[in-house]
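User: I would like to go through this model term by term, asking each time what makes a label apply. Please set the values against the cut-offs before you conclude.

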Amino acid sequence: MKKIILFASGSGSNAENIIRYFQDKKTAETVAVFSNNPNAKVLEKAEKLGVPCYVFTKEELNTGKVLEQVMMLNPDLIVLAGFLWKFPTDIVTQYPNKIINIHPALLPKYGGKGMYGMNVHRAILENKESHSGISIHYVNENYDEGAMIFQAEVAVDNCTTPEEIALKVQELEHAHFPEVIDKILN
């Protein structure tokens with residue numbers, strides 16, 4: 001069975017969705033969730049689903065300690081599901097084309113440092129965009145610049161708040177992210 005490691009920093013709705021998808025499908029399994037946030041709701045959700053969790057500091061991420069833990073788990077794919085820190089070059093180099101990220105906008109628009117979550121949705125609303133969506137891409141050394149794997153879009157011209165946009169985008173994330181992961185692995 002293929003092995004997935006998830007990295008997440010927040011509520012974990014995508015992580016939970018991915019874990020459940022593969023528990024049902026049985027083509028892969030989530031062997032660990034890594035988080036930089038000891039208070040992240042994703043940890044609670046993953047533990048309830050029987051997935052081991054690792055919490056780490058910025059120093060541990062940047063000095064190779066996290067890479068060592070990842071290598072011991074020998075993943076087929078590393079999935080960033082709401083992970084907010086820049087991913088370190090040592091892990092990117094060790095796992096070329098085996099690390100993917102989901103971004104809550106249609107890249108290359110609304111990508112880069114500081115463009116995550118409500119910051120993205122707020123910018124889309126302020127710029128009166130008619131559409132938003134998701135971008136699933138490979139991770140490289142730069143924020144949101146890796147090769148594109150998949151995009152899906154949704155109309156947001158009737159949305160009046162960033163929260164309304166977020167809900168529409170999250171529906172796309174939940175519908176497509178596990179399926180795209182499954183295709184990459186199989």
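User: What makes E1 and E2 a pair of strands, and in which sense do they run?

Analyst: E1 and E2 are joined by six bridges and run parallel, and two strands pair if DSSP finds at least two bridges between them, so the label applies to E1 and E2. One of the bridge partners is known by name: Ile4 is matched with Thr30 in E2. The chain passes from E1 through helix H1 (residues 13–25) to E2, and this β-α-β crossover is right-handed; the word means that, with the strands pointing away from the viewer, the path from the first strand over the helix to the second runs clockwise. The helices (H or I, at least four residues) and strands (E, at least two) are DSSP runs, numbered from the N terminus. This is a predicted model, in which local features need pLDDT of at least 70 and side-chain atom pairs count only at pLDDT 80 or more, while totals for chains, interfaces and linings use all residues. Residues are numbered from 1 along each chain as its sequence is written, and side-chain values use heavy atoms, with hydrogens and water left out.

User: How many bridges join E2 and E3?

Analyst: E2 and E3 pair in the parallel sense over three bridges, and Phe34 stands opposite Tyr54 in E3. Together with helix H2 (residues 41–48), E2 and E3 make a right-handed β-α-β unit.

User: Why is Leu6 called buried?

Analyst: Buried means under 20% relative accessible area, exposed over 50%, and partly exposed in between (1.4 Å probe, protein chains only); Leu6 has 0% relative accessibility, so it counts as buried. Leu6 is part of strand E1 (residues 2–7). Leaving aside neighbours within four places in sequence, Leu6 is in contact (heavy atoms within 4.5 Å) with a set of residues including Ala15, Ile18, Thr30, Phe34 and Val79. For Leu6 and Val79, which are 73 residues apart along the chain, the C-alpha atoms are separated by 4.8 Å. E2 is also mostly covered, with seven of its eight residues buried.

User: What makes Phe34 and Phe56 an aromatic pair, and how is the pair classed?

Analyst: Rings of Phe, Tyr and Trp (its six-membered ring) pair if their centres lie within 6.5 Å, with planes under 30 degrees apart counted as stacked, over 60 as edge-to-face and the rest as tilted. By this rule the count comes to 11 aromatic pairs. Phe34 and Phe56 are 6.4 Å apart, centre to centre, with 50° between the planes, and the pair is therefore tilted. Phe34 lies in strand E2 (residues 28–35) and Phe56 in the loop between strand E3 (53–55) and helix H3 (58–62), so the pair ties together parts that are 22 residues apart in sequence. Both Phe34 and Phe56 are buried, and they belong to one aromatic cluster with Phe7, Tyr54, Phe83, Trp85 and Phe87.

User: How do you know that Lys58 lies over the face of Trp85?

Analyst: A charge sits over a ring if NZ of Lys or CZ of Arg is within 6 Å of the ring centre and within 35 degrees of the ring normal. Lys58 lies over the face of Trp85 at 4.7 Å from the ring centre.

User: Why is the contact of Asp182 with Lys25 called a salt bridge?

Analyst: The term requires a side-chain nitrogen of Lys or Arg within 4 Å of a carboxyl oxygen of Asp or Glu; the closest N and O atoms of Asp182 and Lys25 are 3.4 Å apart, so the pair qualifies. Asp182 lies in helix H7 (residues 162–185) and Lys25 in helix H1, so the pair ties together parts that are 157 residues apart in sequence. Asp182 is buried at 9% relative accessibility, whereas Lys25 is partly exposed at 41%.

User: How far apart are the closest N and O atoms in the salt bridge of Glu16 with Arg20?

Analyst: They are 3.2 Å apart, and Glu16 and Arg20, four residues apart in helix H1, are separated by about one helical turn.

User: What sets the peptide bond from Leu107 to Pro108 and the phi of Tyr110 apart?

Analyst: Most residues other than glycine have a negative phi, and most peptide bonds are trans. The bond from Leu107 to Pro108 is cis, with omega near 15°, and Tyr110 has a positive phi near 60°. Pro108 lies in the loop between E5 and H6, as does Tyr110.
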